[in-house]
Amino acid sequence: MTNHAVVIVGAGPTGLMLAAELALAKVDVVIVERRASQDIVGSRAGGLHARTIEVLDQRGIADRFLAQGQIAQVASFAWIRLDISDFPTRHPYGLALGQSHIERILADRVGELGVEIQRGREVTAIAQDDTGVDIALDDGRSLRADYLVGCDGGRSLIRKSAGIDFPGWDPTISCLIAEIEVTKEPAWGLRRDDKGIHSFSRLEDGKRVRLLVTEPHVGQRGYVSEPGLRDLSEALIAVYGTDYGIHTPTWISRFTDMTRQAASYRNRRVLLAGDAAHVHFPVGGQGLNAGVQDAVNLGWKLAQVVKGTSPDSLLDSYHAERHPVAARVLRNTMAQTPLLGHGDRIDALRDTVSELLTMDEPRKRIAGMISGLDIRYDLGEGHPLLGRRMPDLDLVTANGSLRLYALLHDARPVLLNLGEPAGLDITAWADRVRQIDAAYAGAWELPVLGAVTAPMAVLIRPDGYIAWVGDRAGHGLADALTTWFGPPIAA
């Protein structure tokens, strides 16, 4: 049996991002992945929202993604476009980039950080006790971990084995998506009818087509079975009266609007992230982004617990903060799904919603939610910045100018002092928290919320969220430092 501090099951975007976060903190971590390679068959997520790009920028790797994708206004509500170009962020846009590319870039990052990915190995069972988790693999070998994180998707074995409930709503829609060849010219473009939504588009090679078709029958099969050519043919005939002579599929996938969320993101030493913790209809493109942000919220907390810097109870804040965020994603996807349908009443509703979303306040509110830029963790009452993302300010320091996000590249917390130098004392946490004295002359403006009062000092967590806003005297700072970064070092 091989021992590790953390074992992550699943090398999708969430698992890869979490591994990178732990590696930055010098935690012994390994990923177990049942796929033999990082290659993905089929179409999955198609891009990154603004907050996820910011998160990657905080680690100094956003340019890797921007160089391979297409910058665009990708935020939408029920396919109604939401322009965020006027949002106060360095990245007021999204990025069109397929999941296969996103995973490859993250896998390269993980490799640079020295994390091992054990490919072609599948977890068959787990058993946890007071000191760790035993993990049985399909090749007869086993691993032992202080903590186990399930990033193994909606069918998560880890979630089931940990006994974590997955309540929610059964599917009402089942869709097939595929890349395939046809012998007859299909009906190109988007179609809405009483059966659902459907589309045909030509791929760049001019030979294959990508199609989406809503199936006539809905049931649990959308969650537990893989579709075949016959399923696709039957669905097309039901909608178009022909299957256009489909043949030679590159891949066929099924997805539904099943909507579920783990009752708890943690059972003692087993944690969940990404689709293992929440599944929903893919409208709005929020799933992958939520998973990556789960990883960044969890990574530094788990690292501190593993290293003994913080008590195990810090991990409870992971569920407390991320569960409400995903719950809101589930609700907004359920609200969007009916608007994708067809019929006079639905068309009237969609027209009304479209008109509302041309107005500034509704547009900003919904776009802030979809893009993730409006997230606020409940850290109590106080300054409007408390619990929100830290803007990427252009700072002036004694050593020259720098972007604030450059201070977060190594995933260490930062106390940013914007008042008189040496006004705050964090000597007892100096081994964990970096203090920066700087000046900033610009406006303080947050997406959706607007202008806020300039703070004298802020304590920024490794995930880029503000844990404390204070004055030159530092009232409450010691409590915030202890809460998030462990007790002070004894003098």
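How many nonpolar, polar and charged residues does the lining of the largest cavity have, by class? I will start there, then go through the other spaces, the two sheets, one salt bridge and one loop residue. Please keep in mind throughout that this is a predicted model.

So, the cavities. The whole structure was searched, and 4 cavities of 30 Å³ or more turned up. The largest cavity has a volume of about 140 Å³. It is lined by 16 residues, and the ones closest to its centre are Val-329, Met-369, Ile-370, Gly-372 and Ile-375. Three helices each give two or more residues to this lining, namely H8, H9 and H11, the last of these covering 360-371. H9 provides the largest share, 5 residues. As for the opening question, the lining of the largest cavity divides into 6 nonpolar, 8 polar and 2 charged residues.

The second largest cavity has a volume of about 50 Å³. Its lining consists of Val-55, Gln-293, Val-296, Asn-297, Arg-322, Tyr-377, Asp-463 and Tyr-465. Here the element that gives the most is H8, with 3 residues. By class, that lining has 4 nonpolar, 2 polar and 2 charged residues.

Helix H8 comes up again when we turn to the pockets. For the second largest pocket, the volume is about 360 Å³. Of its 17 lining residues, Ala-25, Gln-304, Lys-307, Ala-411 and Arg-412 are the closest to the centre. Two elements give two or more residues to this lining: helix H1, residues 13-24, and helix H8, residues 287-306. H8 has the largest share of that lining, with 4 residues. Sorted by class, the second largest pocket is lined by 7 nonpolar, 3 polar and 7 charged residues.

Now the sheets. One is an open sheet of 3 strands in the order S12-S18-S21, and its pairing is antiparallel. Why is one side of S12 and of S21 left without a neighbour in the sheet? Strand S12, 168-169, and strand S21, 278-279, stand at the edges and have a single partner strand each, so one side of each has no neighbour there. S12 pairs with strand S18, residues 259-261, in the antiparallel sense over 2 bridges. Within this sheet, Trp-169 is opposite Thr-259 of S18. Helix H9, residues 316-336, lies across S12, S18 and S21, and runs at about 170° to S18. H9 is also the helix with the largest share of the lining of the largest cavity.

The other sheet I want to show is open as well, with 6 strands in the order S23-S22-S25-S24-S28-S29 and mixed pairing. At its edges are strand S23, 400-403, and strand S29, 466-470, each of which pairs on one side only. From one strand to the next, the twist averages 35°. S22 and S23 pair in the antiparallel sense over 4 bridges. For Leu-395, the bridge partner in S23 is Leu-402.

Strand S22 also brings us to the salt bridges. There are 39 of them in the whole structure. I will take one, between Asp-394 and Arg-90, where the closest N and O atoms are 3.1 Å apart. Asp-394 is in strand S22, residues 394-397, while Arg-90 is in the loop between strand S6, 80-81, and strand S7, 94-96, so this pair ties together parts that are 304 residues apart in sequence.

Last, a loop residue. Where is Gly-245 found? Gly-245 sits in the loop between helix H7, 229-240, and strand S17, 247-256. With neighbours within four places in sequence left aside, Gly-245 is in contact with Glu-181, Val-182 and Thr-183. How far apart are the C-alpha atoms of Gly-245 and Val-296? They are separated by 46 Å, with the two residues 51 apart along the chain. Val-296 is one of the residues that line the second largest cavity.

That is the end of the tour.

Key
Residues are numbered from 1 along each chain as its sequence is written. This is a predicted model: local features need pLDDT of at least 70, side-chain atom pairs count only at pLDDT 80 or more; totals for chains, interfaces and linings use all residues. Side-chain values use heavy atoms; hydrogens and water are left out. Two strands pair if DSSP finds at least two bridges between them. Contact means heavy atoms within 4.5 Å. Axes are lines fitted to C-alpha atoms, for helices over the stretch in contact, and angles run from 0 to 180 degrees between N-to-C directions. On a 1 Å grid over the protein atoms alone, a cavity is a set of points where a 1.4 Å probe fits but cannot get out, and a pocket is an open set with protein on both sides within 12 Å along at least five of seven lines; lining residues have an atom within 4 Å of a point. Grid points are joined across faces, edges and corners, and a volume is the space filled by probe spheres set on the points. Ala, Val, Leu, Ile, Met, Phe, Trp, Tyr, Cys and Pro count as nonpolar, Asp, Glu, Lys and Arg as charged, and the others, Gly among them, as polar. A salt bridge is a side-chain nitrogen of Lys or Arg within 4 Å of a carboxyl oxygen of Asp or Glu.
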